[in-house]
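Trainee: Could we go through this one together? I would like to learn how to read its core and its surface.

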Amino acid sequence: MAAFRRPSPPPPPPPGATPSPSPLQDHRHHLPSEKHCMAAGKNYGSHAPKRAICSCITIFLLLAGITLLVLWLVYRPHKPRFTVIGAAFYGFNATAPPFLTTTLQFTIHIRNPNRRVSIHYDRLSAFVLYRNQAITAPIMLPPLHQDRHSAVSVSPMIGGSPLPVSAEVVNGLAAEESYGVVGVRLVVQGRVRWKAGAIRTARYGMYVKCDLFLGLKKGFVGQVPLLANPPCVVDI
C-alpha cells in the first residue's frame with residue numbers, strides 16, 4: 001500500500017521579487033467600490049429627468065409639425081379667380097392741355113375656389129390703364145366677403161373725371177377707336193385674407209390685372225363686345 005505524501009509547498013520567491021496576488025485578491029481588486037457605485041447612481045439619476053424632458057419636447061414638436069402639415073394640406077388657401085365677363089363704354093373726351101375724360105363699366109366675375117376657406121376683401125380699388133398709363137382715376141369698392149366655393153359678380157363704373165395724360169395716349173385711343181378695337185388693362189387692387197373656421201390669416205396685398213380688347217365703334221355708347229378676355233392674373 002502506497003504511502004500518502006503531502007504536496008510540497010511552492011518554492012519561495014527569489015529575493016527582491018514582488019509576490020503575485022492570489023486569485024481572490026485579484027478579483028476583489030477589479031470589483032467597483034461602494035463609493036464608485038454611489039457616484040454612478042447619482043450621475044444616472046441627475047441625467048434621467050433631462051433625458052425625459054428632451055424626449056417629451058421632441059415628441060411634442062414632431063406631433064405639432066405633423067398636425068400643421070395635415071392642416072395646411074387640407075385647408076391651404078388658393079387665390080381667388082377674376083374674369084371680366086362684360087363691358088360698357090360711355091365715351092372718350094379729350095381736351096387741352098391734354099386732359100382725358102373716360103367712362104367705362106366692367107362686370108367682374110370673382111370666384112372663390114376653396115371648399116373649406118372663405119375670403120374677405122377690403123380696401124378694394126379699380127382703375128383702367130392704356131399703354132401703361134392711367135386713363136381713369138382709382139375708384140373705391142366696398143368690402144366683400146366671399147363664402148366657401150362661391151362666386152359673385154360686381155359691376156363698377158370707372159372714370160368720369162378729367163385726368164392728365166400724354167399726347168401719345170390721346171392719339172393712340174383715337175386711332176384704335178377709328179379702327180374698331182381698343183386694348184385696355186383693368187386693374188383691381190386691395191387686401192385679402194382667408195378664414196377657415198376660427199382661424200384667420202394675416203392680410204395680404206392683392207394686385208389683379210385684366211388685359212382686354214373692346215370692340216368699339218366711333219360714336220357708339222353702351223354695352224360693347226369683349227373680343228378677348230383671358231382670365232385675369234392675380235398676384236398676392
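**Core and surface**

Mentor: Happily! This is a predicted model, and its largest nonpolar core has 41 residues, with F82, F106, Y121, L186 and L214 making the most contacts inside it.

Trainee: Which element gives the largest share of this core?

Mentor: Start with the elements that give two or more residues to the core: β1, β2, β3, β5, α3, β10 and β12. Among these, the largest share is seven residues, and it comes from β10.

Trainee: Which residues is L214 in contact with, leaving aside its neighbours within four places in sequence?

Mentor: L214 is one of the core residues with the most contacts inside the core. Beyond those sequence neighbours, it touches A87, L104, F106, G180, V181, V182, V184, V224, P225, L226 and L227.

Trainee: How much of the contacts with a separation of 6 or more comes from residues 24 or more positions apart?

Mentor: That is a good one to ask of the whole chain, which has three helices and 15 strands. Among its contacts with a separation of 6 or more, the share from residues 24 or more positions apart is 72%.

Trainee: Is F60 buried or exposed?

Mentor: First, place it: F60 lies in helix α2, residues 34–75. With I53, I57 and L61, F60 makes a nonpolar surface patch of about 440 Å². Its relative accessibility is 58%, and because exposed means over 50%, F60 counts as exposed.

Trainee: What percentage of the chain's residues count as buried?

Mentor: The chain exposes about 15900 Å², 62% of it supplied by carbon and sulfur atoms. Of its 236 residues, the buried ones come to 29%.

Conventions: Residues are numbered from 1 along each chain as its sequence is written. This is a predicted model: local features need pLDDT of at least 70, side-chain atom pairs count only at pLDDT 80 or more; totals for chains, interfaces and linings use all residues. Side-chain values use heavy atoms; hydrogens and water are left out. Helices (H or I, at least four residues) and strands (E, at least two) are DSSP runs, numbered from the N terminus. Buried means under 20% relative accessible area, exposed over 50%, partly exposed in between (1.4 Å probe, protein chains only). Contact means heavy atoms within 4.5 Å. Accessible areas come from the Shrake-Rupley method with a 1.4 Å probe; for residues, only the protein chains shown count as cover. A nonpolar core is a set of buried Ala, Val, Leu, Ile, Met, Phe, Trp, Tyr and Cys residues joined through side-chain atoms within 4.5 Å. Patches are made of residues with over 30% relative accessible area and no salt bridge: like charges are joined within 9 Å, nonpolar side chains (Val, Leu, Ile, Met, Phe, Trp, Tyr) within 5 Å. A salt bridge is a side-chain nitrogen of Lys or Arg within 4 Å of a carboxyl oxygen of Asp or Glu.
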